[in-house]
Amino acid sequence: MSDAAGRVVDRADDRAVAVVAFGGGHGLHASLSALRLLVDELVVDDLTAVVTVADNGGSSGRLRNEFGVLPPGDLRMALAALCGRNEWGVTWSRVLQHRFAGHGEMRDHVVGNLLIVGLWELLGDHVDALDYVGRLLGATGRVLPMALVPMDITAEVRGLVPDDPDALVAVRGQVEVATSDGVIESVALVPPDPPAAPEALKAIQAADWVVLGPGSWFTSVIPHLMVPALRQALVSTDARVVVVLNLAAEAGETSGFGAADHLRVLAGHAPDLRVHTVLADRDTAAHELAELEQVVAAYGARLVVDDVAEAPGTPRHDPVKLAAAYSRIFGSNS
């Protein structure tokens with residue numbers, strides 16, 4: 001089996017697998033870009049993205065406020081990642097991601113956001129509309145929302161009260177949580193029990209592998225585990241769970257975090273989640289490898305350290321390198 005760049009990738013099992021990837025924003029876009037390559041390579045035969053829908057900023061936030069719909073931005077980015085590499089797919093990916101300039105009311109709105117919201121209004125069904133967009137784009141895989149109602153992320157944040165640095169302050173909203181100056185202790189959702197998409201639950205049940213991350217840890221990754229029905233499906237699934245660690249801390253949300261800190265926070269929010277594999281970038285993990293190995297072992301998982309960054313020190317995953325790492329993980333019998 002070769003990877004997307006034509007390099008040979010040793011896989012113990014050449015059976016194509018079903019994969020469900022969780023996250024949002026740029027992190028999920030990178031992961032899906034890699035997994036789409038594995039569909040082309042016949043390593044993955046069924047690919048589903050389950051996307052965080054709590055954004056309250058930018059074009060998504062404006063559409064959410066005006067129409068009372070799910071924020072479409074992260075869903076749009078996931079669909080763009082699944083477009084093919086031919087002229088049709090590349091063109092539609094660019095169209096979907098096009099952001100209007102100018103100085104009027106349309107400024108900063110994104111074509112794909114408007115298309116998705118328009119189909120929601122016409123069809124009255126979130127999942128059907130996303131499936132229609134996917135067919136238009138020739139998308140390799142399916143994109144689903146993590147829940148069927150708009151929601152807010154809330155966080156308990158320490159360090160916002162100058163006279164009492166240990167005091168916890170409640171912060172509400174994805175943008176507000178992501179840009180907080182304090183230390184995030186925990187996150188939750190409002191409403192606390194949003195209805196999960198039934199199609200997402202079915203995809204988890206049928207999956208061989210579940211991929212969690214990379215992405216904004218508190219606002220794109222962990223929220224999936226705060227939806228009770230999704231959490232139960234993830235905890236009880238027979239699929240193997242892969243956690244993909246970020247390449248760098250994010251200002252505000254995870255300032256000062258190392259690779260091991262990301263995993264500790266995940267374990268704190270979902271101690272009952274059985275993780276099979278933790279994937280870390282070789283260069284990122286090098287300075288804390290012993291600590292990371294301890295935390296991964298305490299989680300009952302195995303650690304895979306691989307070269308998955310665009311270049312040493314960059315915060316972006318390289319889709320081709322990430323695809324090769326996924327292929328090796330999916331093909332392992334351990």
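Angles over 145 degrees between helix axes count as roughly antiparallel. That cut-off settles one of the helix pairs in this predicted model: the axes of H3 and H4 cross at roughly 165°, so H3 and H4 are roughly antiparallel to each other. The two axes come within 9 Å, and H3 passes H4 in a left-handed crossing. On the H3 side the contact is made by Arg76, Met77, Leu79 and Ala80, and on the H4 side by Ser93, Leu96 and Gln97. Sorted by class, the residues of this contact come out as 4 nonpolar, 2 polar and 1 charged.

Before going through the other helix pairs, a quick look at the whole chain helps. The secondary structure of the protein amounts to 14 helices and 10 strands. With a radius of gyration of 19 Å, close to the 20 Å that the globule rule gives for 334 residues, the protein is as compact as a globular protein of that length. The C-alpha trace spans about 60 × 55 × 35 Å along its principal axes. Of the 334 residues, 55% are buried. As for how the chain folds back on itself, residues 24 or more positions apart account for 73% of the contacts with a separation of 6 or more.

Back to the packing. Two packed helices are described by the angle between their axes and the distance between the axes. H4, which covers residues 87–97, also packs against H6, at an angle of about 135° and with the axes 9 Å apart. H4 and H6 are therefore oblique to each other. From H4, the residues Trp88, Gly89, Trp92 and Leu96 meet Val133, Leu136 and Leu137 of H6. This contact divides into 6 nonpolar residues, 1 polar and no charged. Leu96 turns up in the contact with H6 and also in the one with H3.

H6 (residues 126–137) has another partner in H5 (residues 111–123): their axes come within 8 Å and cross at roughly 130°. That angle makes H5 oblique to H6. The crossing of H5 past H6 is right-handed. Here Leu115, Ile116, Leu119, Trp120 and Leu123 of H5 meet a set from H6 made up of His126, Asp128, Ala129, Leu130, Tyr132, Val133 and Leu136. By class, the contact of H5 with H6 has 10 nonpolar, 1 polar and 1 charged residues. Val133 and Leu136 of H6 take part here with H5, and both also meet H4.

H2 (residues 58–67) is worth a stop too. Its buried residues are Ser59, Ser60, Gly61, Leu63 and Arg64. What covers them includes H3 (73–81), H5 and strand E4 (152–158). Just after H2 comes glycine 68, with a positive phi near 65°.

That leads to the backbone oddities. Most residues other than glycine have a negative phi, and most peptide bonds are trans. Leucine 42 goes the other way, with a positive phi of about 65° although it is not a glycine. Leucine 42 sits in the loop between H1 (25–40) and strand E2 (44–51). With a relative accessible area of 61%, leucine 42 is exposed.

Two peptide bonds ahead of prolines are cis as well. One runs from valine 190 to proline 191, with omega near 0°; proline 191 belongs to the loop between strand E6 (183–190) and helix H8 (198–206). Another runs from glycine 213 to proline 214, again with omega near 0°. Proline 214 is in the loop between strand E7 (209–212) and helix H9 (217–221).

Finally, there is serine 255, placed in the loop between strand E8 (240–244) and helix H11 (259–269). Its relative accessibility is 46%, so serine 255 counts as partly exposed. Leaving aside residues up to four places away in sequence, serine 255 touches Ala249 and Glu250. Serine 255 and aspartate 108 lie 147 residues apart in sequence, and their C-alpha atoms are 28 Å apart in space.

Terms used: Residues numbered from 1 in each chain as written. Predicted model: local features only at pLDDT ≥ 70, side-chain atom pairs only at ≥ 80, totals over all residues. Heavy atoms only, no water. Axes fitted to C-alpha atoms, helices over the stretch in contact; angles between N-to-C directions. Helix = DSSP H or I, 4+ residues; strand = E, 2+ residues; numbered from the N terminus. Parallel < 35°, antiparallel > 145°, perpendicular 65-115°, else oblique. Left-handed = near helix turned anticlockwise from the far one by under 90°. Contact = heavy atoms within 4.5 Å. Nonpolar A, V, L, I, M, F, W, Y, C, P; charged D, E, K, R; others polar. Rg over C-alpha atoms; globule rule 2.2 N^0.38 Å. Buried < 20%, exposed > 50% of the residue type's maximum accessible area, 1.4 Å probe, protein only.
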